[in-house]
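Colleague: Got a minute to walk me through this one? I'd like a quick chat before I set anything up.

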Amino acid sequence: MSFVNLGLAPGLLRAVADKGYDTPTAIQTRAIPAMLSGRDVLASAQTGTGKTAGFVLPLLHKLDTSYGRAPRALVLTPTRELAAQVAQCAREYGRHTGLRVQVIFGGVGMQPQIDGLRAGCDLLVATPGRLLDLEDQGILDLDHVAHFVLDEADRMLDMGFIHAIKRVIKLLPDKRQNAMFSATYSDDIRALAARLLHDPVAIDVAPRNTVAERVEHVAYKLPKDHKRHLLAHLIKDGDWHQVLVFTRTKHGANRLTEQLEGAGIRSAAIHGNKSQSARVRALEDFKANRIIALVATDVASRGLDIKELPHVVNYELPNVPEDYVHRIGRTARAGATGHAVSLVGPDEGGLLRDIEKVLKRAVPYAAAPQFAITVSAPPPPRPAQHAPRSGAHAPRQGARQPPRGQGQRSRPGHGAPAHRTGNAGRFGGGRKH
Ligand code: AMP
């Protein structure tokens with residue numbers, strides 16, 4: 001199967017070729033003809049399957065140029081990052097078509113978006129909140145929307161957008177084509193699909209665990225306060241250049257970023273408290289390999305599109321097992337294989353078992369490689385009798401006297417058996433497993 005067989009306009013085929021793609025992915029093979037036929041579509045597809053092009057290409061195909069100022073296609077996404085990425089994708093695929101793409105999302109000034117809308121656009125990509133804000137101000141004209149796509153519908157519902165979505169739908173003309181993309185199917189999603197879609201073509205090319213199958217999963221059990229040391233070791237010893245690290249909280253993301261920086265690993269955090277420009281900058285730095293570790297919360301990571309991301313680390317396991325699937329969906333994209341590491345604290349074993357149920361496969365614990373526990377600043381001198389009992393923060397072979405191997409960590413590829421024996425016994429906390 002090649003893109004040529006899908007019946008897309010020549011300008012779109014050129015843009016696809018410009019991007020270097022010759023074979024459509026499974027979702028593209030099914031979603032593109034379904035959307036071109038004009039029918040409603042219900043597609044089960046995760047990030048990483050090529051779903052964006054699966055709806056963007058047929059939308060661009062269906063829109064003709066110079067119709068007017070009001071958009072004729074609307075794509076709704078849960079997050080600003082995803083909106084920006086979908087718009088970027090539409091601009092790239094639409095570069096030979098003359099079609100205009102606008103994107104609107106919150107967290108940034110409204111005026112440029114208002115100006116953009118006034119200048120006119122053919123395809124509009126938006127997050128629900130800002131879309132409704134602009135609607136309330138009377139700036140938006142959705143009367144000509146003939147194609148409506150709800151992307152990552154499950155995320156939308158998770159983020160509490162159901163009422164916003166219903167409001168948006170009410171603003172659209174009755175006669176239109178609808179498509180809904182969702183990675184998971186809850187009763188709420190089914191109810192929304194039943195409300196939105198008419199006799200949809202159902203496409204299910206990505207059962208939940210296909211990405212999971214392509215990913216190498218590793219779990220290490222260890223005390224909480226050892227996690228950052230093991231992570232620093234994995235990054236340095238494995239010579240990792242790009243790793244996406246997930247924490248459960250924004251605060252945790254900030255703290256870990258500082259700790260990694262303290263360990264000499266260039267890092268940035270990306271979460272909802274960061275300004276849009278800070279998030280964009282962090283993402284750009286990460287993509288350009290200016291930072292090694294991007295530390296993210298689940299919400300902030302949604303829709304991140306990072307090509308060939310080799311490593312994902314679950315610094316803390318997610319409370320919702322499906323989030324694990326979304327997290328690791330950032331690696332192993334479009335056919336590549338990936339590596340997912342979970343650092344499992346003493347109280348997180350149950351979460352890992354829940355994840356295994358969703359994955360329908362075991363994620364066995366591996367013995368942690370030997371890692372050093374370092375402190376960034378020299379600890380204050382202490383009399384020997386006051387040495388901390390746990391030993392976790394100030395092992396005898398701590399920062400100032402690194403254990404064998406630690407001083408060589410920047411040397412790539414060393415694999416002496418001593419480094420594979422696990423840290424239990426070398427550091428006090430290791431025995432607690
Ligand atoms: P998505 O699932 O839409 O987020 O896309 C995942 C990644 O796959 C993106 O980096 C796309 O650029 C890439 N991609 C999309 N379509 C193809 C294709 N036909 N061949 C190879 N890569 C693709």
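**Chat notes**

Modeller: Happy to! C121 has 0% relative accessibility and counts as buried, where buried means under 20% relative accessible area, exposed over 50% and partly exposed in between, with a 1.4 Å probe and protein chains only.

Colleague: And C89, buried or exposed?

Modeller: C89 is buried too, at a relative accessible area of 10%.

Colleague: How many disulfides does the structure hold?

Modeller: The count is 0, taking a disulfide as a pair of cysteine sulfur atoms within 2.5 Å.

Colleague: Where do these values come from?

Modeller: This is a predicted model, so local features need pLDDT of at least 70 and side-chain atom pairs count only at pLDDT 80 or more, while totals for chains, interfaces and linings use all residues. Residues are numbered from 1 along each chain as its sequence is written, and side-chain values use heavy atoms, with hydrogens and water left out.

Colleague: What's the secondary structure of the protein chain?

Modeller: There are 16 helices and 13 strands; these are DSSP runs numbered from the N terminus, helices being H or I with at least four residues and strands E with at least two.

Colleague: How much of the chain is buried?

Modeller: Of its 433 residues, 54% are buried. The chain exposes about 18,900 Å², with carbon and sulfur atoms supplying 50% of that, by the Shrake-Rupley method with a 1.4 Å probe.

Colleague: Switching to sheets: what is the strand order in the open one?

Modeller: Its 7 strands run β3-β4-β2-β5-β6-β1-β7, with parallel pairing; two strands pair if DSSP finds at least two bridges between them. β3 (101-104) and β7 (201-204) are at the edges with a single partner strand each, so one side of each has no neighbour in the sheet. The twist averages 15° from one strand to the next.

Colleague: How many bridges link β1 and β7?

Modeller: β1 (residues 41-44) and β7 pair in parallel over 4 bridges, and A43 has I203 in β7 as its bridge partner. Helix α9 (residues 187-196) packs on the sheet, touching β1, β5 (147-150) and β6 (177-182). The direction of α9 makes about 170° with that of β6, using axes fitted to C-alpha atoms, for helices over the stretch in contact, and angles from 0 to 180 degrees between N-to-C directions.

Colleague: Last one: what does E356 touch?

Modeller: E356, in helix α16 (residues 349-359), touches R361, A362, V363 and P364, leaving out residues up to four places away in sequence; contact means heavy atoms within 4.5 Å. E356 and P321 are 35 residues apart in sequence and 8.4 Å apart, C-alpha to C-alpha.
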